[in-house]
Amino acid sequence: MTASVSDPETGQPIGLPVDPTPAPRPGPVTLQGRYGRVEKLKPEHAADLWKVFAGQDQVWTYISTDGPFPSEQEFTDFIAMRAAAEDPYAYAIIDATGYAVGYFTLLRIVPQMRVIEVGHVLYSPALQRTPLGTEAQYLLARYIFETLGYRRYEWKCNSFNAPSRRAALRYGFTYEGTFRNYIIAKGRNRDDAWFSIFDGEWPSRKASFERWLAPENFGAEGQQKVSLATLNGSSADAAPRGAMQTVGPPVDTTPARWPEPVMLKGRFGTVARLDPARDAAALWAAVGDHRELWTYISSAGPFADQKALTAWLADRQTKKDPYFYTVLDQNGLAVGLLAFMAIRPQMRVVEIGSIVYGPALQRTPLATETQYLLARYAFETLGYRRYEWKCNSLNAASRRAALRYGFSFEAIFRQHMITKGRTRDTAWYSISDSEWPARKTSFERWLGPDNFDDKGRQKISLAALNVKPQNA
C-alpha cells in the first residue's frame, strides 16, 4: 500500500505528492538484446509471422478480439491494421537470424497517469520457453520505466489463461486481483486477472532479469541454472502445464443501454438526472462548504464559491460519461449527487462513483435507497452484468459503504492514478448480475417500514443482511 500523509485541512489520509508530468507515448524504437531485438511492428513482418503462427490456432484462444485467421491475406490485413494503430502500439520480436517470431503490444496507454499495459502477447512455438522470449519482456519493461518514465506497468489476462498467469509471476509482476464479468470476449464471459509492476519495484525486477539472462546462468546445453521465478520470489498459481484450455460460458452479447434522464422515485426521496438550474443552489447549501466531502473525488472540488460549483455542474450536465444524477429529498431539494461512469455498454459494465453526500443525507434511509434505486435501474432496466465501485484505498468510509451495500472486494491497484497531484491506490469492488437478486432482497428488506422502530432506528443492519465473509 502506498504511504500516506494527513491532509492539513481535513486530517484525512491522502497519498504522497508525485511528479504530475505526463509520460511520453511509446515510439518506433528498436531495442537490441543479446538474443534478438524488439522493433516497431511493420506490415512486412506479416510473412514471417504467418509462417510461425499458421496452424497454431491455440495461441489465439485468449486474445479477446482477434484470431485465429483462416487465410494468410486476412492475417496480413490484421498485421497492417495493428502496425498502424497508436493504442495498442505493436512491436515485433525478431530472432538472431532476423526473422519475426512473435509480437506484443503496449495498450491502454494513459500518459497523464503514467500507466501502461503490455498485452496481446503472441509467442510462436519457436519463441516460447527461449531466452529471447524473456529478453523481449525485459527490453520492453526497461524501455517503459527508464526511457518513457511510466509508474505502473500492467499485465492482464483471462483468469483461465494459466500460461499467461504463470508468465506474469515469473516476470516479476504482482498479482492484484480477479475482476468478475469484466468483459465479453468472443461471445463468452471473461473474468480478468490483473498484475502489475510499479516503478519502485523495477530496480529489483531488472536485476533479476539481468542475472537470469546472463551467459553464466546457462549450462553447456543451454539449460538454466536458476529460474527467473526463483529470482523474483514467485511461484506458479495456475493450472499444470499441458492442461486443456478453458473458456468462460457463452453470454448474451446484446449491448446494455446508456443511462437516461430518468426520475427514480423511492419511499424516502428521488434520484433524478442532474439539472444545475434546479439543483445548484441546494447543492451548494448541502455540500459546498464541506471540504472533507471532496478529498477523495479524483478531479473536482472543493469549490471556492457557489458560482464555481455551478459552472462545474453545468459542465457535468453535458457529459455522457460520467452521467450525473442528483439525490432529491422529499421536498425536492438536492442533498447529494453521484454518477454512472466508466460506462462500457458493449461489455455491459458500469461503475457508480463521484458520490458526494451532504451531511444531511449521510447515514439516512435515503442515502441507502439511492444506491438501491440506481443499482436496480442498472441491472433491471439498462441490462448491465457488472456493477463496479472504485475508491481511493485510503477512503475508509467508502470502502465500508461498498461492503455494506453488498459489493464484493476484488483488489487494490497500486499506483493506479495521480489525483490532485498525489498518488492513489484504488480499491475495486463489484456486484455481478447473478448476485443482484440476493442484494436486491437485502436492500428491500432493510428499507421496509417494518425494519425501523418508532424512533426510526434500524432493527437489522444492511451489512448483516448482506453477510460479507471476506475482508477489504
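Here are some worked exercises on a predicted model, covering two sheets, a bent helix and one threonine.

**Exercise 1. Work out in which order the eight strands that include strand 11 are arranged, and find the edges.**

Step 1. Walk across the open sheet and you get 11-12-13-14-15-16-18-17, with mixed pairing.

Step 2. Look at the two ends: strand 11 (263-265) and strand 17 (408-419) are the edge strands, each pairing on one side only. From one strand to the next, the twist averages 25 degrees.

Step 3. Check some pairings. Three bridges hold strand 11 and strand 12 in the antiparallel sense, and Leu264 has Val271 in strand 12 as its bridge partner. Strand 15 and strand 16 also have three bridges, but in the parallel sense; here Val349 is matched with Arg386 in strand 16.

**Exercise 2. Find what helix 10 packs on, and say how covered strand 16 is.**

Step 1. Helix 10 (residues 396-404) sits on the sheet from Exercise 1, where it touches strand 16 (386-392), strand 17 and strand 18.

Step 2. Compare directions: helix 10 makes about 160 degrees with strand 16.

Step 3. Now go through strand 16 residue by residue. Seven of its seven residues come out buried, so the strand counts as mostly covered, buried being under 20% relative accessible area.

**Exercise 3. Determine how far helix 7 departs from a straight helix, and where it bends.**

Step 1. Start with the length. A straight helix of 13 residues would span 18 Å, yet helix 7 (residues 276-288) covers only 14 Å between its end C-alpha atoms.

Step 2. Look for a bend: there is one of about 35 degrees at Ala282.

Step 3. Check the N-terminal end. Asp275 caps helix 7 there, with a side-chain oxygen 3.1 Å from the backbone nitrogen of Ala277.

Step 4. See which residues face inward. The buried ones are Pro276, Asp279, Ala280, Ala282, Leu283, Ala286, Val287 and Gly288. Ala282 thus turns up twice, at the bend and among the buried residues.

Step 5. Ask what those buried residues pack against: strand 12 (270-273), helix 8 (306-317), strand 13 (323-328), strand 14 (334-344) and strand 15 (349-357).

**Exercise 4. Describe the surroundings of Thr426, and decide whether Thr426 is buried or exposed.**

Step 1. Place the residue: Thr426 belongs to strand 18 (residues 422-432).

Step 2. Its relative accessible area is 0%, so Thr426 is buried.

Step 3. List the contacts. Leaving out residues up to four places away in sequence, Thr426 touches Lys390, Cys391, Ser393, Ala411, Ile412, Phe413, His416 and Met417.

Step 4. Add the side-chain partner: Thr426 and Arg424 share a polar contact of 3.0 Å.

**Exercise 5. Repeat the edge search for the sheet that holds strand 3, then add its helix.**

Step 1. This open sheet has eight strands in the order 3-4-5-6-7-8-10-9, again with mixed pairing.

Step 2. Strand 3 (30-32) and strand 9 (174-185) have a single partner strand each, so one side of each lacks a neighbour in the sheet.

Step 3. The twist averages 25 degrees between one strand and the next.

Step 4. Strand 9 runs antiparallel to strand 10 (residues 188-198), and eight bridges join them. In strand 10, Ser196 is the bridge partner of Thr174.

Step 5. Finish with helix 3 (residues 131-148), which packs on the sheet and touches strands including strand 7 (115-123) and strand 8 (152-158). The direction of helix 3 makes about 160 degrees with that of strand 7.

Notes: Residues are numbered from 1 along each chain as its sequence is written. This is a predicted model: local features need pLDDT of at least 70, side-chain atom pairs count only at pLDDT 80 or more; totals for chains, interfaces and linings use all residues. Side-chain values use heavy atoms; hydrogens and water are left out. Helices (H or I, at least four residues) and strands (E, at least two) are DSSP runs, numbered from the N terminus. The expected span of a helix is 1.5 Å times one less than its number of residues. The bend at a residue is the angle between axes fitted to the seven residues ending there and the seven starting there. Buried means under 20% relative accessible area, exposed over 50%, partly exposed in between (1.4 Å probe, protein chains only). Contact means heavy atoms within 4.5 Å. A polar contact is a pair of N or O atoms within 3.5 Å; within protein, one must be able to donate a hydrogen and the other to accept it, and residues adjacent in sequence count only if both atoms are side-chain atoms. Two strands pair if DSSP finds at least two bridges between them. Axes are lines fitted to C-alpha atoms, for helices over the stretch in contact, and angles run from 0 to 180 degrees between N-to-C directions.
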